[in-house]
Amino acid sequence: MDDALVDGLSLNYGVHAYAKWGGAFWRLLSLVDLGVEPGHPGAISAAHETLEWVANPRRLAEIHQRRIDGRVRRCASQDGRALQACLDVGLRGDARLDTLAESLVETQWPDGGWNCDRRPRVTHSSFNESWGPILGLARYGAADAAARGAEFLLRHRVVFSHRTGEPAHPVMVKLHFPPYWHYDLLAGLRTLAATGGLSDERAGDALDLLEARRRPGGTWRTQGRWWKRPGSRGSNVEVVDWEHAANDVLTEQARHVLEAAGRL
């Protein structure tokens with residue numbers, strides 16, 4: 001664990017919890033990905049600030065009103081990743097986590113995922129909005145809902161279109177860290193690792209792709225990024241510089257996936 005990064009991520013926030021990428025929500029996710037120990041004061045502070053926003057009863061009531069043609073349209077990645085991260089830092093037993101889990105289960109789409117698209121004709125879940133809730137519900141122990149979500153990913157062989165058999169989007173077969181809310185090859189495989197889905201043969205092609213990305217010496221490197229260095233102008237500016245640590249964390253996560261799949 002990079003102590004300097006942890007310290008930087010644990011500083012005061014001063015912005016809305018969801019402000020990209022300096023808000024408490026995003027810092028909490030990064031702290032968890034860095035392997036911060038449960039109970040870490042900075043992580044706990046970020047978790048409580050995140051829950052004050054994401055589990056606010058008014059926010060959740062408004063979300064449940066966004067039902068169009070029988071499906072609630074929501075950015076479920078927010079609730080799902082918050083649920084996962086708060087559990088990982090040691091807040092199990094907080095009633096707000098029960099509320100988030102119940103809300104996610106209640107609004108799960110028939111195909112097993114979630115989507116924020118408000119167009120009535122959209123009936124297919126979103127990869128970006130589904131992997132976080134699956135992770136969160138798996139951590140929480142909502143096994144049936146997590147399994148339905150995992151089946152959604154497996155029907156698509158993790159990153160492939162169920163219609164064409166080709167990658168659902170070129171960016172999905174590349175590796176990124178931090179992923180934030182974006183779905184890709186490693187995010188999908190990490191989600192299946194949490195649900196026990198890696199043993200399914202439909203995960204095989206995605207695992208092959210991950211193995212093919214391994215460099216000499218057994219490391220992996222990012223193939224794109226969703227962030228800008230601290231001090232940059234515009235949006236998506238980070239509070240820490242991931243330039244070197246990103247590859248280390250990515251390598252650790254990739255190895256964990258391949259170990260869980262019995263390939264390492």
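Which helices do the buried residues of α11 pack against? They pack against α1 (3-9), α2 (24-33), α9 (185-195) and α10 (204-212). Keep in mind that this is a predicted model.

Start with α11 itself. This helix covers residues 245-260, which makes 16 residues. At 1.5 Å a residue, α11 should span 22 Å. Its end C-alpha atoms lie 23 Å apart, so the expected and computed spans agree. Now look at which parts of α11 are hidden. Near the start of the list come Ala245, Ala246 and Asn247, which are buried. Val249, Leu250 and Thr251 are buried too. So are Gln253, Ala254, Val257 and Leu258. Here a residue counts as buried when its relative accessible area is under 20%. A general rule helps in reading such a list. An α-helix has 3.6 residues a turn, so residues three or four places apart point the same way. Just after α11 comes Gly262, with a positive phi of about 75°.

Next, follow α2 to another partner. Helix α5 covers residues 76-88, and its axis comes within 10 Å of the axis of α2. The two axes cross at roughly 50°. That angle makes α2 oblique to α5, because it falls neither under 35 degrees nor in the range from 65 to 115. The crossing of α2 and α5 is left-handed. From α2, the contact uses Phe25, Leu28, Leu29, Val32 and Asp33. From α5, it uses Ser77, Gln78, Arg81, Ala82, Gln84, Ala85, Cys86 and Asp88. Sort the residues of this contact by class, and you get seven nonpolar, three polar and three charged.

A second helix pair is worth a look. Helix α3 (residues 41-54) packs with helix α6 (residues 95-106) at an angle of about 50°. Their axes are 11 Å apart. How does α3 lie relative to α6? The angle makes α3 oblique to α6. The crossing of α3 and α6 is left-handed. In α3, the residues that meet α6 are His48, Leu51, Glu52 and Val54. On the α6 side they find Arg96, Leu97 and Leu100. By class, this contact has four nonpolar, one polar and two charged residues.

Now leave the helices and turn to the loops. Between which residues are the peptide bonds cis? One cis bond runs from Lys20 to Trp21, with omega near -5°. Trp21 sits in the loop between α1 and α2. Another cis bond joins Phe177 and Pro178, with omega of about -10°. Pro178 belongs to the loop between α8 (143-155) and α9.

Two loop residues also have unusual-looking backbone entries to check. Asp69 is not a glycine, yet its phi is positive, at about 50°. Asp69 lies in the loop between β1 (67-68) and β2 (71-72). Is Asp69 buried or exposed? Its relative accessible area is 58%, so Asp69 is exposed. Arg157 also has a positive phi, near 50°, and is a residue other than glycine. Find Arg157 in the loop between α8 and α9. At 25% relative accessibility, Arg157 counts as partly exposed.

Technical notes:
Residues are numbered from 1 along each chain as its sequence is written. This is a predicted model: local features need pLDDT of at least 70, side-chain atom pairs count only at pLDDT 80 or more; totals for chains, interfaces and linings use all residues. Side-chain values use heavy atoms; hydrogens and water are left out. Axes are lines fitted to C-alpha atoms, for helices over the stretch in contact, and angles run from 0 to 180 degrees between N-to-C directions. Helices (H or I, at least four residues) and strands (E, at least two) are DSSP runs, numbered from the N terminus. Angles under 35 degrees count as roughly parallel, over 145 as roughly antiparallel, 65 to 115 as roughly perpendicular and the rest as oblique. A crossing is left-handed if the near helix is turned anticlockwise from the far one by less than a right angle, and right-handed if clockwise. Contact means heavy atoms within 4.5 Å. Ala, Val, Leu, Ile, Met, Phe, Trp, Tyr, Cys and Pro count as nonpolar, Asp, Glu, Lys and Arg as charged, and the others, Gly among them, as polar. The expected span of a helix is 1.5 Å times one less than its number of residues. Buried means under 20% relative accessible area, exposed over 50%, partly exposed in between (1.4 Å probe, protein chains only).
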